[in-house]
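Work through these short exercises with the structure in view. Try each task before you read its solution.

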Amino acid sequence: MPVSRRLATRLAAPSSICRQCLQRASVPAGPSRVLDAVRQSRAIPVQQQVRLQTTASTITEQIKAASEGSSKAYAEAFEDATSKKKMPEFTTSKAVGLWLLGSAVSVFGIVVFGGLTRLTESGLSITEWRPVTGSRFPANEEVWQSEFDKYRASPEFHLLNPHMTLEEFKKIYFMEWFHRIWGRVIGVTFVLPAIYFVARRRVSLPMALNIGGISALIGFQGIIGWWMVKSGLKDDLFAPGSHPRVSQYRLTTHLATAILCYSWMLVSALTVLRTRRLLADPAGALKMVSTLKNPALTTLRRSVAGLTILVFTTALSGALVAGLDAGLIYNEFPMMGLGLTPPAAELWDDHYSRKTDRSDLWWRNMLENPSTVQLDHRILATTTFFSVLSLFLYARRGQVAAAIPRNAKKGVNGLLHLTLVQVALGISTLIYMVPLSLAALHQAGALAVLTGSLVLGHRLRIPKHLLATLNRRVQIAAKSSGASTTAKKAAH
């Protein structure tokens with residue numbers, strides 16, 4: 001404790017220093033909590049000064065005070081930028097992060113509920129698109145009868161439900177009405193807070209652009225939803241005498257935009273919350289960054305990016321299966337009839353070709369032939385499973401296992417578990433001929449696997465602009481600490 005003794009001795013004998021020196025030493029280069037503590041200590045009796053200054057806890061508290069002073073400077077800089085109507089450099093508001101995360105959860109739920117709407121044949125029960133007045137639920141029997149009359153004019157009623165009663169119609173109507181209302185609620189609860197956060201300068205410019213893009217995508221999604229429903233209300237959009245259904249192409253587009261919206265919200269939320277955490281501890285954040293910059297993780301990072309694209313593609317192929325009711329055939333696994341695949345003549349049926357030269361034979365069968373579509377989904381799902389398994393094994397070997405951060409390691413393990421559950425749900429859904437409960441869980445499982453892949457990818461990378469800011473803040477903290485030390489020496 002030599003430093004403490006010298007400090008106590010100097011503080012205990014202020015009379016040995018002239019007034020002019022004291023005045024000169026009391027003018028620091030900038031505000032410092034350490035100097036404030038020293039000035040206050042001069043008003044304390046000498047014996048109490050000695051007792052306080054000779055304890056190790058006092059030194060620790062002074063160091064902590066200097067650190068808090070640096071954090072206060074950052075907060076004051078942020079408030080200054082806000083008062084000058086400037087957007088912050090980074091979005092670190094916890095409220096923004098939680099709002100984006102809650103919006104993503106809501107989109108996750110509506111995607112699963114949309115699958116139920118499709119499975120219960122409820123999507124075509126409302127034959128009009130009225131974004132404003134359509135939000136009203138039928139209030140009396142007269143309105144119910146009017147809606148039922150409109151449905152009875154649709155192809156689905158004539159070909160599929162000619163004996164449906166009004167009470168049965170009310171059930172499927174509620175499913176579609178609730179799905180549409182949920183979509184409107186998502187739009188309102190996203191756009192209005194977005195306007196508030198941007199107006200209050202709670203988000204950075206890049207995040208403001210992200211929020212604007214998501215808002216536009218939500219509106220576009222509503223248009224695509226009606227475009228999809230409209231395809232099932234006209235006889236000329238499906239084969240004569242066939243099961244009335246919406247176009248599988250439009251259904252897949254509707255799901256794709258919903259998944260993109262969910263992913264965009266999720267990644268934005270994770271970015272805000274992680275940025276807040278990293279900027280609170282720049283030194284610790286730089287240590288994590290140095291770990292992620294290890295060359296051994298480069299291949300792993302690229303593999304996760306490719307895997308995310310594969311999971312997304314597999315989910316879209318599942319939309320084609322749902323749109324064509326392809327899950328109701330070949331309800332066995334891994335066989336498809338007498339072999340692992342149906343006969344070639346069935347997979348590449350001339351019936352689906354619309355050109356005389358049969359140039360569209362292969363792609364129309366892949367997108368319109370239920371047998372080929374189911375086989376495609378099986379191949380993509382199996383490829384996804386083995387890709388995740390390979391990623392898991394790769395992350396546990398040699399240099400990668402030594403370099404991978406702990407949270408990323410947990411992400412790899414979680415992704416494998418989610419994939420195993422999804423495979424079990426997919427096989428069960430097929431074998432039991434697509435029951436509602438298993439089908440809904442299977443669709444939720446697809447989004448869960450995609451979520452695991454996105455979270456893992458997010459944990460393995462840090463934006464370059466954030467890295468530059470971390471370096472700059474560490475330098476500022478070092479200079480602030482050096483200035484505080486200099487001022488402290490001058491004061492004594």
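**Exercise 1: One residue on a helix**

Isoleucine 195 sits in helix α9, which spans residues 166–199. The model is predicted.

Task: Decide whether isoleucine 195 is buried or exposed.

Solution. Step one: take the relative accessible area of isoleucine 195, which is 51%. Step two: apply the cut-off, where exposed means over 50%. Step three: isoleucine 195 is therefore exposed, because its 51% passes that cut-off.

**Exercise 2: The patch**

Task: Find which residues form a nonpolar patch on the surface with Ile195.

Solution. Step one: list the partners, Val188, Val191 and Leu192. Step two: take the area of the four residues together, about 340 Å².

**Exercise 3: Annotated spans**

Task: State what the chain does over residues 249–273 and 304–330.

Solution. Step one: check the record. The unreviewed UniProt entry annotates "transmembrane region" at several spans, including 181–199, 249–273 and 304–330. Step two: read residues 249–273. They are 100% helix and 0% strand, with end C-alpha atoms 36 Å apart. Step three: read residues 304–330. Here helix makes up 74% and strand 0%, and the end C-alpha atoms lie 32 Å apart.

**Exercise 4: The whole chain**

Task: Describe the protein chain by its helices, burial, contacts and surface.

Solution. Step one: count elements. There are 20 helices and zero strands. Step two: check burial. Of 492 residues, 42% count as buried. Step three: look at contacts with a separation of 6 or more. Residues 24 or more positions apart account for 79% of them. Step four: take the surface. The protein chain exposes about 26400 Å², and carbon and sulfur atoms supply 64% of that area.

Notes: Residues are numbered from 1 along each chain as its sequence is written. This is a predicted model: local features need pLDDT of at least 70, side-chain atom pairs count only at pLDDT 80 or more; totals for chains, interfaces and linings use all residues. Side-chain values use heavy atoms; hydrogens and water are left out. UniProt positions are given in the numbering used here, feature names are shortened, and annotations may be inferred rather than shown by experiment. Helices (H or I, at least four residues) and strands (E, at least two) are DSSP runs, numbered from the N terminus. Patches are made of residues with over 30% relative accessible area and no salt bridge: like charges are joined within 9 Å, nonpolar side chains (Val, Leu, Ile, Met, Phe, Trp, Tyr) within 5 Å. Accessible areas come from the Shrake-Rupley method with a 1.4 Å probe; for residues, only the protein chains shown count as cover. A salt bridge is a side-chain nitrogen of Lys or Arg within 4 Å of a carboxyl oxygen of Asp or Glu. Buried means under 20% relative accessible area, exposed over 50%, partly exposed in between (1.4 Å probe, protein chains only). Contact means heavy atoms within 4.5 Å.
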